[in-house]
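New to this one? Have a look at the model first, then read on for a quick tour.

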Amino acid sequence: MPLLDAPLDSVDAYVEFLSAQNVPVLRHTVREFATLEGQENSVSGKRIAAVVISDPLMTMKLLTTLQARRTSVQNHDITTIDRAIMMMGITPFFAAFAAMPTLEDTLHAHPKALVGALRIIGRARRAAHYARDWAILRHDLDVDEVTVAALLLDAVEIMCWTFAPALTLRVYEIQRANRWRRSADAQREVFGCTAQDIQIGLIRAWKLPELLIMLMDEAQAGSPRVRNVQLAAGFARHLASGWDNEALPDDIAAIEELVHLNREQLIARLGVPPEDSYRFFPPAT
């Protein structure tokens with residue numbers, strides 16, 4: 001699998017390169033599918049969906065494959081994993097995703113990049129978990145759509161670790177040397193553009209469902225559903241450095257406003273350790 005070791009000339013060049021790659025998935029996903037395929041006559045679509053949604057790369061692979069196979073008679077978008085598997089059918093699903101490359105094999109010569117990719121995958125899972133929980137609290141019309149959007153929000157960062165490990169590591173080294181350096185500025189210095197620029201291009205190239213595009217668009221943050229997704233991703237990103245991250249009090253205030261829970265209930269629901277909870281309450285007067 002080709003890996004980029006030098007920046008490309010434009011956003012379009014990155015989009016063309018990444019769109020041409022056979023995206024790998026987690027080794028665990030491949031193993032789970034092998035087990036489930038052996039139970040094909042009895043396994044449910046929901047059981048398969050649970051494996052897919054635990055892997056942002058597999059989720060992206062399924063949705064882009066479905067869009068690429070879309071026919072003129074399909075007059076509605078598929079925006080959740082359950083519906084995507086139902087649309088394909090279980091036997092065609094396993095046939096379509098046989099012999100997939102794994103992330104671990106792709107990055108076996110780049111252990112630091114593998115750790116970086118796995119860290120972002122873990123963060124995406126946490127974002128999806130929080131987004132789902134808050135969507136339930138908000139009585140969202142389709143909790144699964146919000147979950148998928150949050151899971152995929154940082155998918156391009158995983159793609160950068162996967163297909164441009166040396167360049168992405170350089171971005172992190174720049175930020176490590178200067179913790180105040182914005183990630184977008186470091187990305188622009190190394191790649192010549194930002195991950196957000198590439199993501200916008202890929203979303204268009206992959207023709208993802210319009211609803212998912214809207215849910216992932218921070219410019220639409222006036223919508224409670226979009227705000228749900230953006231807050232979950234931001235909260236997971238800030239939490240990755242610990243409960244003492246300086247951005248978390250503002251995050252929690254915004255989440256409180258979104259889900260309409262009082263501070264004490266919210267702190268308990270978020271799983272804040274007792275020894276850190278004082279950080280998120282106003283000082284006693």
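What follows is a short walk through the pockets, one helix and a few single residues.

This is a predicted model, where local features need pLDDT of at least 70, side-chain atom pairs count only at pLDDT 80 or more, and totals for chains, interfaces and linings use all residues. Residues are numbered from 1 along each chain as its sequence is written, and side-chain values use heavy atoms, with hydrogens and water left out. Helices here are DSSP runs (H or I, at least four residues), numbered from the N terminus.

**Pockets**

- A pocket is an open set of points on a 1 Å grid over the protein atoms alone, where a 1.4 Å probe fits, with protein on both sides within 12 Å along at least five of seven lines; lining residues have an atom within 4 Å of a point.
- The largest pocket holds about 1900 Å³ of space, volume being the space filled by probe spheres set on the points.
- It has 49 lining residues, and Arg123, Gln175, Ser183, Arg237 and His238 are the closest to its centre.
- Helix α15 (224-239) gives the most to that lining, with seven residues.
- The second largest pocket comes in at about 330 Å³. Its lining has 19 residues, with Gln21, Val23, Lys61, Thr64 and Thr65 nearest the centre.
- Helices α1 (11-19), α4 and α13 each give two or more residues to this second lining, and α4 gives the most, with seven.

**Helix α5**

- In α5 (residues 81-88), the buried residues (under 20% relative accessible area, 1.4 Å probe, protein chains only) are Ile81, Ala84, Ile85 and Met88.
- Looking down the axis of α5, these fall within an arc of 95° (taken from the directions from the helix axis to the C-beta atoms), so they line one face of the helix.
- They pack against α3 (45-52), α4 (56-68), α6 (90-96) and α9 (143-152).
- Just after α5, glycine 89 takes a positive phi of about 90°.

**Tryptophan 206**

- Tryptophan 206 sits in helix α13 (residues 195-206) and counts as buried, at 16% relative accessibility.
- Leaving aside neighbours within four places in sequence, tryptophan 206 is in contact (heavy atoms within 4.5 Å) with Ser19, Met60, Thr64, Gln67 and Met159.

**Two histidines with positive phi**

- Most residues other than glycine have a negative phi.
- Histidine 139 has a positive phi near 60°, in the loop between α8 (111-137) and α9, and is exposed (over 50%) at 69%.
- Histidine 260 has a positive phi of about 60°, in the loop between α16 (248-259) and α17 (263-270), and counts as exposed at 68%.
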